[in-house]
Protein chains: 4
Amino acid sequence: MARAAVPSKSRGRVALVDGRVLRASRLRVARREQILLAARRVFARRGFHATRVADLLDATGIARGTFYLYFDGKRAIFAALLDDVLVRLRAPIHAVDVRPGAVPPRVQLQNMVRSILGAIVADRDLAFILLREAPHAEPECAARVEQFYADILAMITSALAHGCALGFLRACDLATTAACLLGSVKEVVDRRILAAPVASGLDLDALTEQLLEFSLTGLLQSASLRR
Amino acid sequence: MARAAVPSKSRGRVALVDGRVLRASRLRVARREQILLAARRVFARRGFHATRVADLLDATGIARGTFYLYFDGKRAIFAALLDDVLVRLRAPIHAVDVRPGAVPPRVQLQNMVRSILGAIVADRDLAFILLREAPHAEPECAARVEQFYADILAMITSALAHGCALGFLRACDLATTAACLLGSVKEVVDRRILAAPVASGLDLDALTEQLLEFSLTGLLQSASLRR
Amino acid sequence: MARAAVPSKSRGRVALVDGRVLRASRLRVARREQILLAARRVFARRGFHATRVADLLDATGIARGTFYLYFDGKRAIFAALLDDVLVRLRAPIHAVDVRPGAVPPRVQLQNMVRSILGAIVADRDLAFILLREAPHAEPECAARVEQFYADILAMITSALAHGCALGFLRACDLATTAACLLGSVKEVVDRRILAAPVASGLDLDALTEQLLEFSLTGLLQSASLRR
Amino acid sequence: MARAAVPSKSRGRVALVDGRVLRASRLRVARREQILLAARRVFARRGFHATRVADLLDATGIARGTFYLYFDGKRAIFAALLDDVLVRLRAPIHAVDVRPGAVPPRVQLQNMVRSILGAIVADRDLAFILLREAPHAEPECAARVEQFYADILAMITSALAHGCALGFLRACDLATTAACLLGSVKEVVDRRILAAPVASGLDLDALTEQLLEFSLTGLLQSASLRR
DNA sequence: AATGAATGAGTTTTCATTCAT
DNA sequence: TATGAATGAAAACTCATTCAT
C-alpha cells in the first residue's frame with residue numbers, strides 16, 4: 001500500500017513534485033504505523049474477536065474510511081501485526097554452532113533465549129498477539145502461527161539430534177522433548193513476562209537462567225539424580 | 001436448568017404422576033447430555049467463535065427453541081462443557097505424599113501425569129476446548145481456565161517448595177519453574193496428543209516417561225552435567 | 001426455500017404433526033408471497049438501484065432478519081420476481097401453426113399478442129421489472145432478460161423465414177425485421193400500457209389491432225403503396 | 001463550470017495576461033473534453049451504477065480533486081454526456097417537407113433515419129448511454145431522456161397526422177403507431193448496431209432501408225395484402 | 001416440551017465528496 | 001490548478017435470542 005519514496009536530486013519543477021511525493025509517501029507510512037501501533041494495543045487488550053473496527057478507529061482517532069484506506073479490514077491489519085511479530089521473533093533464532101572454537105553452546109543458547117525474551121519485553125503487545133490471539137483469530141493467522149512454531153520445533157529437533165549424536169545430550173524422544181522445550185518457553189513468557197505487571201522489575205537474565213537450568217539439568221538434586 | 005428428579009414414596013395416583021415425572025426427568029437429563037455431546041464435537045472442530053447456534057442444532061437435530069430450553073445460550077453450553085473438562089482434569093491432580101512408607105514420589109508423579117494424559121485421550125474434544133478454545137472464548141470462561149491453571153500452579157509450586165525443603169530438588173525460582181512444568185505438559189498434550197492423527201498409536205506411558213525425564217533430569221548427559 | 005407441503009391422511013400423533021407441518025409450510029409459502037408482492041410494487045416504483053432492503057421491509061412490515069430468512073438478499077428477491085415474469089410472458093408465446101385447416105395465422109398472431117398484452121396488464125409491476133429494471137439491475141439478471149429476448153427473436157425469425165418461404169411475407173432481412181417487431185411491441189407496452197394512468201380505459205384489442213396492422217401492412221395507403 | 005475565454009483587445013501587460021488567460025482557458029476546455037471522452041467510454045462499458053468515480057479517474061489519469069474541479073460529481077458528468085448525445089441526435093431530426101417541389105418524403109425520411117444511425121455509429125458509447133444507461137441512471141436523467149423521446153414522438157405523431165390528412169398514409173391510432181415507429185428504431189439500433197461486434201461490416205443504408213420498408217409497407221406480400 | 005418463524009441490534013464495508021496542502 | 005488523503009453517511013448482512021403455537 002505504502003508506495004516507495006522516490007528520492008530525487010533534480011531541480012525545478014520535478015524536484016518540487018518529487019519533494020511532494022516524498023513527503024506524501026512519508027506521511028502515508030507514518031499514518032500506517034500510527035494505525036498499526038494503536039491497533040496493536042487494542043488487539044492485545046481486548047483480543048481479536050472482541051475488537052471491533054470501531055475500537056481501532058477510536059484508538060487512532062481516524063475515520064472509518066481512512067482505516068479502509070490503509071488496510072483491507074480487521075483481518076488484514078491483524079495479519080500485518082502478526083507479520084511484524086513473526087519477523088521480530090524469528091530474527092534471534094538460529095542454529096547452535098558446535099564447531100571447535102565457537103562460543104560454548106550453553107552461552108549461545110543463553111544469548112538466544114535472552115534475545116527472544118528481550119524482543120518480547122520490548123513489545124509485549126505483539127507478544128500477546130502471537131501467543132494469545134493469533135492462534136484463534138482466523139484460520140489463516142492460525143496457520144501462519146502454526147508454521148512459525150513448526151519451524152522452531154524443527155530447529156529444536158535438529159539441535160537435539162545433534163546434541164545427542166555429539167554425546168552432549170542424553171537420548172530422548174526428539175519430538176516430545178522439543179515440545180517440552182517450546183512449551184516451557186511459551187508458558188514462562190506468558191506467565192512471567194506477559195502476565196507480570198508492567199512496573200514489576202523483570203529480570204530477564206534470571207528468567208533465562210531458570211529456563212536453561214530447568215531444561216538442561218532438570219529438577220532433581222545431583223545427588224538424588226539416579227532415582 | 002435441569003430439574004432434579006423428585007423421588008417419591010407415595011402411592012396410587014400420585015405415584016403414577018411421580019413415575020411420569022421421574023421418566024420425564026430422565027429424558028430431560030438424557031437429552032441434555034445428547035446436546036452436550038454433540039456441542040462438544042462441534043466446538044472442538046470449529047472453535048467457539050466460528051460455531052453458530054445453528055451448527056449445534058444441526059449436530060443435535062433439535063429445534064432452536066428446544067436448545068434454549070436446555071441451555072441459556074451459546075455461552076452457557078460452552079461453559080457447561082468447560083465445567084465438565086475442568087472437573088475431569090482436576091480429579092487426578094493431588095498433592096504428592098512424601099510420608100515415609102508412601103508410594104515413591106516419582107511413581108506418584110508418574111501415575112498422576114499418566115492419569116491426566118489418559119483423561120485427555122479419553123476425551124480429546126474436551127481437551128481441545130480447554131486448551132485451545134476456552135482461553136479466548138469469553139471473559140468468564142477465560143477467567144475460569146485461568147483459575148484452573150492458577151490452582152495447578154499453586155500445587156506445583158507447593159510441591160516444588162516441599163521437594164527443595166526435603167532436599168530432593170535443587171533450588172530454583174518456584175514460579176518460573178512451575179511455569180516450565182505446566183508449559184511442558186500443555187505443549188506435549190497439544191502437539192503429541194491433540195495434534196496427532198486419531199489412528200496413530202499413542203503411547204501415553206512413553207509420553208509420561210519423556211515428560212518426567214525431561215523435568216527431573218534435564219537434557220544433559222550426566223557426564224556433561226557440570227558445564 | 002419453501003418446503004413442499006406434506007399432505008397426510010393418517011391420524012393421531014402423526015396427523016397432528018403433519019397438520020402442523022402442513023400449516024407451517026403454508027404459512028411459509030404465504031409469507032414468501034407476501035414479501036414478493038410487496039417487493040414487486042417497490043421495485044416497480046423505485047427501480048432496482050434506488051430500492052433499499054429497508055424499503056422492502058417497510059413495504060412488507062417485516063423485520064430485517066425475517067427478510068433474509070426468505071431471500072438471500074436484494075438480488076435474490078429481484079431474481080425471483082424476474083423468474084416470475086419471464087415464466088408468465090413466455091407462456092403465451094408459441095410458434096404459428098400454418099398447416100392447412102389451422103386457425104388463420106393472423107388470428108393466431110392476434111391471439112398471441114393479445115395474450116401477452118393481457119398478461120402484462122394483469123401485472124404491470126412485473127412488466128415494469130422486466131422492461132425497465134431487469135436489463136440494468138445486475139449482470140445476471142440482464143443476462144436472463146437477454147436470453148429471454150433472444151429466444152423470442154429466434155421464434156420471430158423462424159416465423160418470418162417460414163412466412164417468406166410460404167410466400168405470405170415479402171423478402172426482408174430477418175434479424176433486422178425481427179428487431180423491428182420486438183421493438184414495436186416493447187415500446188407499445190411501455191408507452192401505451194405501462195405509462196398509461198391505471199384508471200384509463202385500456203383497450204387491449206385496439207392496441208393489438210394497431211400492432212398487427214402496423215407490422216403487417218405498414219403505414220402507406222394501399223394506393224400509394226408503390227412509391 | 002468552464003469559464004468562457006475572455007477575448008481582449010488591450011495591449012502590453014494586459015494583453016500578456018489575456019494571452020495567459022486565454023491559454024489557460026483553452027487548456028481547461030481541453031482537459032474537460034479529455035475527461036468527458038474517457039468517462040463516456042467507462043459509462044458505456046460498465047454502466048452508470050457500476051461506474052465508480054475511481055473508474056473515471058483511472059481512465060483519465062487525473063486526481064480525485066481535479067475531477068471535482070471540472071465536474072460537480074458523477075451525476076453531473078453523466079448529465080453532461082447525456083446532453084451531448086441528446087444534442088447530436090436531435091440535430092438530424094426535423095419535420096418532413098411536403099410542399100410541392102420538395103424532396104420526396106420517402107427520401108427525406110431515408111436521409112433522416114440514415115443521419116440518425118450515422119450519428120449513433122459515430123459514437124456508439126454515447127448511444128449506449130442514451131439507450132441503455134440514462135433511463136435508469138438518475139431521476140433527472142431519466143426525465144431528460146423521457147422529454148427527448150416525448151419530443152420525437154410528438155414530431156412523429158404530427159408527421160403521421162399530416163400524412164393521413166394528405167392521404168399518403170392510412171388511418172391509424174397516432175400514439176400507438178408512433179410508439180411502434182420509435183420502438184422499431186430503438187431496437188434496431190440496440191440489436192443491429194450497438195450489439196454488433198465493432199468489426200462487423202455495418203451497412204447503415206441497408207438498415208435504413210429495412211426500417212423504412214418495414215414501417216411503410218409492412219411484412220405482407222402485396223398479393224396477400226388483404227387478409 | 002418442542003418447534004421454528006420472527007426479531008433487530010450489531011458490525012462490516014463502500015464510495016461519493018470535501019479540503020488542506 | 002492539481003493533488004490525494006480524509007471523511008462519514010449509507011447500506012447490506014449475520015446471528016443470538018425470543019415467543020407464539
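The dialogue below concerns the surface near a DNA strand and the salt bridges of a predicted model.

Me: Which residues are the closest to DNA strand E, and how many surround it?

Reply: DNA strand E is surrounded by 35 residues, and the closest are R64(A), G65(B), G65(C), Y70(C) and R64(D). By class, this surface has 15 charged, eleven nonpolar and nine polar residues.

Me: What do the atoms of DNA strand E within 4 Å of the protein belong to, and which polar contacts can I look up?

Reply: Of those atoms, 63% belong to sugar or phosphate, and the rest to bases. On the phosphate side, an N or O atom in the side chain of R28(B) is 2.7 Å from a phosphate oxygen, while a polar backbone atom of V53(D) is 2.9 Å from a phosphate oxygen. A base nitrogen, in turn, lies 2.9 Å from a backbone N or O atom of G65(B). Among the elements that give two or more residues to this surface are α1 (12-46) and α3 (64-70) of chain B.

Me: How should I read a salt bridge, and which residue pairs with E146(A)?

Reply: The general idea is that side chains of opposite charge can pair when their charged atoms come close. Here E146(A) forms a salt bridge with R191(B), with the closest N and O atoms 2.8 Å apart. Because E146(A) lies in helix α7 of chain A and R191(B) in helix α8 of chain B, the pair joins two chains.

Me: Is each partner buried or partly exposed?

Reply: E146(A) is partly exposed, at 38% relative accessible area, whereas R191(B), at 18%, counts as buried, the cut-off for buried being under 20%.

Key: Residues numbered from 1 in each chain as written. Chains lettered and ligands numbered in written order. Predicted model: local features only at pLDDT ≥ 70, side-chain atom pairs only at ≥ 80, totals over all residues. Heavy atoms only, no water. Near = heavy atom within 4 Å. Polar contact = N/O pair within 3.5 Å; in protein donor to acceptor, adjacent residues only side chain to side chain. Helix = DSSP H or I, 4+ residues; strand = E, 2+ residues; numbered from the N terminus. Nonpolar A, V, L, I, M, F, W, Y, C, P; charged D, E, K, R; others polar. Salt bridge = Lys/Arg side-chain N within 4 Å of Asp/Glu carboxyl O. Buried < 20%, exposed > 50% of the residue type's maximum accessible area, 1.4 Å probe, protein only.
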